[in-house]
Amino acid sequence: MTVQVTLKSGDKVKVNDHVYCSPPWSVRDGTPYSVARIMEFLPPEGAGKGKGKGKEIYTRVRLAWYYRPSDVSDRPVADSRLLLAAIYSEICDINQLRSRCHVLHRDKITDLAGWKKRPDRFYFNRLFDPYIKKEFEVIQATDVRNLPYHTRQVLTSRYEYVVAEKDVVPDLTDTLRLCATCSEWCANPDTVGCDRCKNFFHMSCVQPPLLAKPSRGYGWTCAPCSKRHEEEVDKHDVRHPTPIAKPKSNAPAPRGRGRPRKDRSLAEKEENVEIKYFKMWPFRYFGQYTVAEDTLDPDDLIFPRSATRVGPKYQATVPTTLDVPSPSDPEQRGGDNTVEVLSAINSLTDEEMEAWKVILSRKQEKLYNVDWLTEAIRRFSQAHLMNRGWSTVDMSVPTRAEKWKKGETRYTDREWTADEVAAFEDGIFLYGAELRAVHDEIGTRSMPEVVRFYAHWKNSRLEEENAQIRAMRLKAKDEDKDAVPSASVAEQFSDDEGSVIPGFSRHNNSCGACRTRESENWWRAPKGLVTDILCDTCGTNWRKYADLNVRPVREDALPPSKKGSDKREGTPLNGPNAKRVKTSTSASVNATPPPNAPVAPQLRCLACQKNGPVGKVLRCSQCQFRVHAASCGVHVDKSAVESWMCDICQNQETMESSQNTDCLLCPRRKSKKKAQYPNADSFLRASKPTEGQGWAHVLCAVFTPEISFSDVSQLRLVEGISTIPRQRWASKCTICGETSGAVIRCSDCVREYHTSCAWKNGHRFGFEIQPVRHPRRDGMITTFKGETGNMVPIVCCQEHENSRRELYDVCEADETGETALQVYCRTYKQAPVTQAHALLRKARRLDQILDIRMDGPSAEDVADIVSRAMHCHTCFTHHSPAFYPSKDYFWRCHKCHFELQANGTGTGHSPADSLSPLDDTMDV
């Protein structure tokens with residue numbers, strides 16, 4: 001007899017029905033419902049089966065879970081009805097079942113658009129394995145044709161679907177492949193196909209046998225075809241026509257996208273379609289790592305598999321050390337002398353346990369401390385095993401000696417000082433639960449200590465909040481018992497206890513998503529919205545479909561407590577913030593509302609147009625220029641944040657570089673007016689001095705490949721401007737039309753423009769991580785946000801907004817707080833300062849411009865030869881910073897020239913007429 005269970009919503013469900021499953025609102029904390037399939041109903045744990053028909057009591061249910069795409073990936077998915085199947089089950093309480101829904105495979109749905117328009121309808125076409133973290137394709141078992149007849153019959157009779165890798169699906173859905181030599185079935189792992197005759201062969205049937213398949217990208221031909229091709233080539237009359245037709249593909253045909261048909265009977269027939277199950281599962285894995293004969297065994301594992309990690313690629317081959325003498329009488333680990341006793345409570349008697357509890361501690365707070373109790377158990381157990389009295393145990397010492405460590409180890413963290421607690425709370429106020437940034441804010445604690453203290457701190461705040469909530473409930477019961485919602489409301493929404501709100505309140509007067517003020521029922525909203533309630537439509541869409549179209553709100557319309565909670569990077573704009581909004585822990589229980597908490601000041605960066613706290617975003621005290629410190633190579637102490645000045649304003653006081661701040665890489669201004677400084681309302685204000693005391697925009701220097709920095713940490717002293725090819729200086733900018741200045745090329749087309757012109761016109765700037773195929777040949781590799789490869793600067797025109805490039809913004813930071821611009825400059829823009837000094841680097845760049853062979857004499861050798869060819873006619877020296885011509889057509893050294901000039905007997909030649917041995921090594 002089929003077992004049917006009636007849910008609180010009134011729906012009757014049975015085995016293999018799909019349902020919504022969710023714990024109460026207080027437990028799930030605002031997350032939407034989960035979708036699952038009922039595998040079986042179970043009696044209470046430890047109870048036997050009921051006697052007689054219809055007398056069984058079921059309190060538990062085994063569910064096969066489905067995942068939403070947002071649960072396993074950060075990729076945004078527009079279709080809220082798409083699910084991912086899984087071969088994963090759990091046992092849950094039967095009271096967590098909410099209502100019934102319907103889930104079907106995509107190939108079994110004729111009208112997908114009409115299916116998605118109906119409520120509680122979902123579909124799937126892929127499977128996610130939670131163990132190996134990989135997605136697989138799901139196809140119907142009847143579509144699998146490339147199998148022996150008996151194996152295919154068993155597979156289709158047991159299972160409705162087959163799970164396989166995407167690359168294996170075309171091979172499975174192809175016609176039956178037989179070996180052209182032995183006429184036996186060709187399994188994919190040990191089979192090769194001829195690219196000319198399209199026949200298949202076992203690798204062992206080929207003469208000579210093949211040891212491995214051809215590498216990816218290479219083809220293989222059988223011996224007759226290869227011989228025939230050689231004969232055609234020898235005749236010189238072969239000319240293969242270019243194929244016009246598209247190559248045949250074994251993949252399933254694309255699905256049509258016609259107008260949906262409103263066939264109600266067809267939809268109901270699809271809902272009640274019969275699905276085959278074998279041992280409670282409708283699918284099994286049949287992919288790259290499956291042996292076809294193993295599927296005949298009913299006990300074969302159906303879970304997805306991956307390649308084994310056995311072999312020299314994963315295991316180290318350690319050579320035997322025959323020459324190294326072994327230590328004499330080594331202490332064998334694993335014996336009684338080396339085992340570390342963690343607890344021996346099981347060997348204590350009841351009297352000893354009671355005596356131990358009495359003398360444990362007089363401080364009640366320590367009796368609930370996990371670290372203290374663990375150490376107490378360890379020390380008392382050691383005293384018991386060594387037959388020492390309880391009085392020998394001293395818990396006042398916070399450290400202990402361990403056998404395999406040199407120093408002593410603390411069993412608990414040292415007490416936090418008031419300054420450290422204040423710094424911790426300030427970090428939580430600024431960064432929320434981003435504990436790495438909080439750790440940097442404290443500076444005196446390790447990361448594990450910060451994590452442990454955060455757990456204790458959060459528990460203490462929750463304890464205070466729960467105490468206040470209990471006090472308010474008791475007060476409400478004493479004052480007005482009728483204020484409690486009636487039982488009819490609770491019964492009406494008994495499928496979701498605790499998520500129904502009786503009505504409006506002072507702060508919750510509209511839907512947190514669509515802003516409506518009219519709704520028949522109101523539901524609790526997830527964390528991160530403007531209000532804490534949702535209307536009936538938004539509440540249903542969020543709980544069932546995890547779809548929440550949040551209406552944007554102006555910043556000035558937000559209440560003060562919500563302005564500081566920016567969305568975390570990567571959070572979808574149409575969904576709630578996954579980060580819990582910081583709530584006040586000292587809220588008063590009185591009717592008077594507490595004062596608004598101070599909001600951390602925010603500054604908007606001119607590079608990324610995003611807000612950030614003061615310190616991360618700096619503002620010049622002179623020109624009010626604002627930029628992320630990490631994107632401009634600035635390191636400022638906290639005490640000097642308010643007095644920070646940009647490089648241009650600072651140069652006005654120090655005058656270390658030129659007062660003409662025009663970028664050397666940008667076109668020259670034709671106006672003869674007095675030079676004006678860059679606009680402080682643009683990121684182009686960020687400029688750095690060059691090695692010749694000029695200036696260059698940070699943006700131009702970073703996105704010009706030939707440019708490097710003497711110090712990438714501060715992005716100072718721009719080098720290598722003279723190495724930019726001449727044609728880049730002579731090319732015409734497609735934006736401003738000027739032919740002066742160095743241009744760069746768009747990464748997606750052939751347009752060339754100045755970097756500053758591209759920035760002013762709103763072109764896209766960023767960095768892309770490109771995969772590396774040959775690490776030794778492709779140069780340096782870097783890692784950013786878990787993605788490894790070559791980091792390449794990308795500049796795209798506005799017309800390429802739909803480009804598939806995934807770019808990291810200039811100011812986008814990773815988990816360590818380092819921006820993409822910093823990572824790129826640190827990896828690729830550092831000048832070789834350790835190999836040569838600045839003057840020698842300039843000389844080598846000049847050699848490259850003049851096309852001087854590097855295997856000839858170096859710049860030092862040339863200077864030495866010039867100096868040896870000259871000598872002073874007065875003192876006959878060969879060494880002088882400069883030689884000056886005399887009226888007798890001789891040379892005088894620097895000393896003799898100025899001595900004679902002081903005596904009035906010099907020739908009066910100016911220093912410009914002199915010749916220095918270093919003139920050939922100066923940069924132009």
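Biologist: What phi does M655 take just after α16?

Modeller: In this predicted model, M655 has a positive phi of about 55°. M655 comes just after helix α16, which spans residues 647-654.

Biologist: Which residues of α16 are buried, and what do they pack against?

Modeller: The buried ones are D647, I648, C649 and N651. They pack against three strands: β24 (687-689), β25 (695-697) and β27 (716-719).

Biologist: Let's turn to cysteines. How do you know that C194 is in no disulfide?

Modeller: We look at the nearest cysteine sulfur, which belongs to C197 and is 3.4 Å away. A disulfide needs two cysteine sulfur atoms within 2.5 Å, so C194 and C197 do not make one.

Biologist: And what makes C194 buried?

Modeller: Its relative accessible area is 3%. Buried means under 20%, so C194 is called buried.

Biologist: How do you know that C514 is in no disulfide?

Modeller: Try the same kind of check. The nearest cysteine sulfur is that of C535, 3.6 Å away. The limit is 2.5 Å, so this pair does not count as a disulfide. The structure as a whole holds zero disulfides.

Biologist: Why is C514 called partly exposed?

Modeller: C514 has 30% relative accessibility. Buried means under 20% and exposed means over 50%, so C514 falls in between and counts as partly exposed.

Biologist: Now to a pair of helices. Why are α10 and α11 called oblique to each other?

Modeller: The axes of α10 (residues 418-431) and α11 (residues 435-442) cross at roughly 140° and come within 9 Å. Roughly antiparallel would need an angle over 145 degrees, and roughly perpendicular covers 65 to 115. The crossing angle fits neither class, so the two helices are oblique. Their crossing is right-handed.

Biologist: Which residues make the contact between α10 and α11?

Modeller: From α10 come A423, F424, G427, I428 and Y431. From α11 come L435, A437, V438, E441 and I442. By class, this contact has eight nonpolar, one polar and one charged residues.

Biologist: What makes one of them polar and one charged?

Modeller: Gly counts as polar and Glu as charged, so G427 is the polar residue and E441 the charged one.

Biologist: Finally, how many helices and strands does the protein chain have?

Modeller: The chain has 23 helices and 34 strands. Of its 924 residues, 37% are buried. Among contacts between residues at least 6 apart in sequence, 56% join residues at least 24 apart.

Conventions:
Residues numbered from 1 in each chain as written. Predicted model: local features only at pLDDT ≥ 70, side-chain atom pairs only at ≥ 80, totals over all residues. Heavy atoms only, no water. Axes fitted to C-alpha atoms, helices over the stretch in contact; angles between N-to-C directions. Helix = DSSP H or I, 4+ residues; strand = E, 2+ residues; numbered from the N terminus. Parallel < 35°, antiparallel > 145°, perpendicular 65-115°, else oblique. Left-handed = near helix turned anticlockwise from the far one by under 90°. Contact = heavy atoms within 4.5 Å. Buried < 20%, exposed > 50% of the residue type's maximum accessible area, 1.4 Å probe, protein only.
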